[in-house]
Amino acid sequence: MLINIGYGNVVNSNKIVAIVSPDAAPIKRLVQAAKENKTAVDATQGRKTKAVIITDNHVILSALLPDTIAGRFCSLEKNSFETEKNTRERGDAYE
């Protein structure tokens, strides 16, 4: 499932490992290393980086706050769970 990380950018939610604030020194080093390794994706659209999304293979910079992205992630997971639950109750799920 895709999660909106702001300004028309989306990320595969199954690949997200962590969503962190960019203020800590270790995160700044991680972002710098990702830029040097060409594994950083800047999805800020020129705005200030407020969240760093760490995935399996990339480090993604977002202009949305980590709480906002986490809230979207949680609501996405909740909707997915409810859909699966409703499908099972109807008997549509594959056994």
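The legends below describe close-up views of a predicted model.

**View 1. The whole protein, with 2 helices and 6 strands.**
From the N terminus on, the elements follow the order β-β-β-α-β-β-β-α. The protein has 95 residues, and 27% of them count as buried. Its exposed area is about 6500 Å², of which carbon and sulfur atoms supply 50%. Among contacts with a separation of 6 or more, 52% are between residues 24 or more positions apart.

**View 2. The open sheet of 4 strands.**
The strands lie in the order E3-E5-E6-E4, and their pairing is mixed. Which strands are at the edges? They are strand E3 (16-20) and strand E4 (40-43), each of which pairs on one side only. On average, and with direction ignored, neighbouring strands of this sheet are turned by 20° against each other. E4 pairs with strand E6 (residues 59-62) in the parallel sense, over 4 bridges. In this pairing, Ala-40 has Val-59 of E6 as its bridge partner. Helix H1 (residues 25-36) packs on the sheet and touches E3, E4, E5 and E6. The direction of H1 makes about 115° with that of E6.

**View 3. The largest nonpolar core, made up of 11 residues.**
In soluble globular proteins, nonpolar side chains tend to be buried together. The residues of this core are Ile-3, Ile-5, Val-11, Ile-16, Ala-43, Ala-51, Ile-53, Ile-60, Leu-64, Ile-69 and Leu-76. Strand E1 (2-6), strand E5 (51-55) and helix H2 (66-90) are the elements that give two or more residues to it. A second, separate core has 7 residues, including Ile-27, Val-52, Ile-54 and Val-59. Returning to the largest core, which residues does Ile-69 contact, leaving aside its neighbours within four places in sequence? They are Ile-3, Ile-5, Ile-19, Ala-51, Ile-53, Ser-62 and Leu-64.

**View 4. Ile-19, a residue of strand E3.**
Is Ile-19 buried or exposed? Its relative accessibility is 23%, so Ile-19 counts as partly exposed. With neighbours within four places in sequence left aside, Ile-19 is in contact with Ala-51, Val-52, Ile-53, Pro-66, Ile-69 and Ala-70. Ile-19 and Ile-60 are 41 residues apart in sequence, and their C-alpha atoms are 9.3 Å apart in space.

**View 5. Thr-55, a residue of strand E5.**
Thr-55 counts as buried because its relative accessibility is 11%, and the limit for buried is under 20%. Which backbone oxygen does the side chain of Thr-55 reach? It is the backbone oxygen of His-58, at 2.9 Å. Leaving aside neighbours within four places in sequence, Thr-55 contacts Val-11, Lys-15, Ile-16, Val-17 and Ile-60. Among these partners, Val-11, Ile-16 and Ile-60 are members of the largest nonpolar core.

**View 6. Thr-44, in the loop between E4 and E5.**
Thr-44 has a relative accessibility of 2% and therefore counts as buried. Which residues are in contact with Thr-44, once its neighbours within four places in sequence are left aside? They are Tyr-7, Thr-49, Leu-61, Ser-62 and Ala-63. One of them, Ser-62, is also in contact with Ile-69, the core residue of View 3.

Conventions. Residues are numbered from 1 along each chain as its sequence is written. This is a predicted model: local features need pLDDT of at least 70, side-chain atom pairs count only at pLDDT 80 or more; totals for chains, interfaces and linings use all residues. Side-chain values use heavy atoms; hydrogens and water are left out. A nonpolar core is a set of buried Ala, Val, Leu, Ile, Met, Phe, Trp, Tyr and Cys residues joined through side-chain atoms within 4.5 Å. Buried means under 20% relative accessible area, exposed over 50%, partly exposed in between (1.4 Å probe, protein chains only). Contact means heavy atoms within 4.5 Å. Two strands pair if DSSP finds at least two bridges between them. Axes are lines fitted to C-alpha atoms, for helices over the stretch in contact, and angles run from 0 to 180 degrees between N-to-C directions. Accessible areas come from the Shrake-Rupley method with a 1.4 Å probe; for residues, only the protein chains shown count as cover. A polar contact is a pair of N or O atoms within 3.5 Å; within protein, one must be able to donate a hydrogen and the other to accept it, and residues adjacent in sequence count only if both atoms are side-chain atoms.
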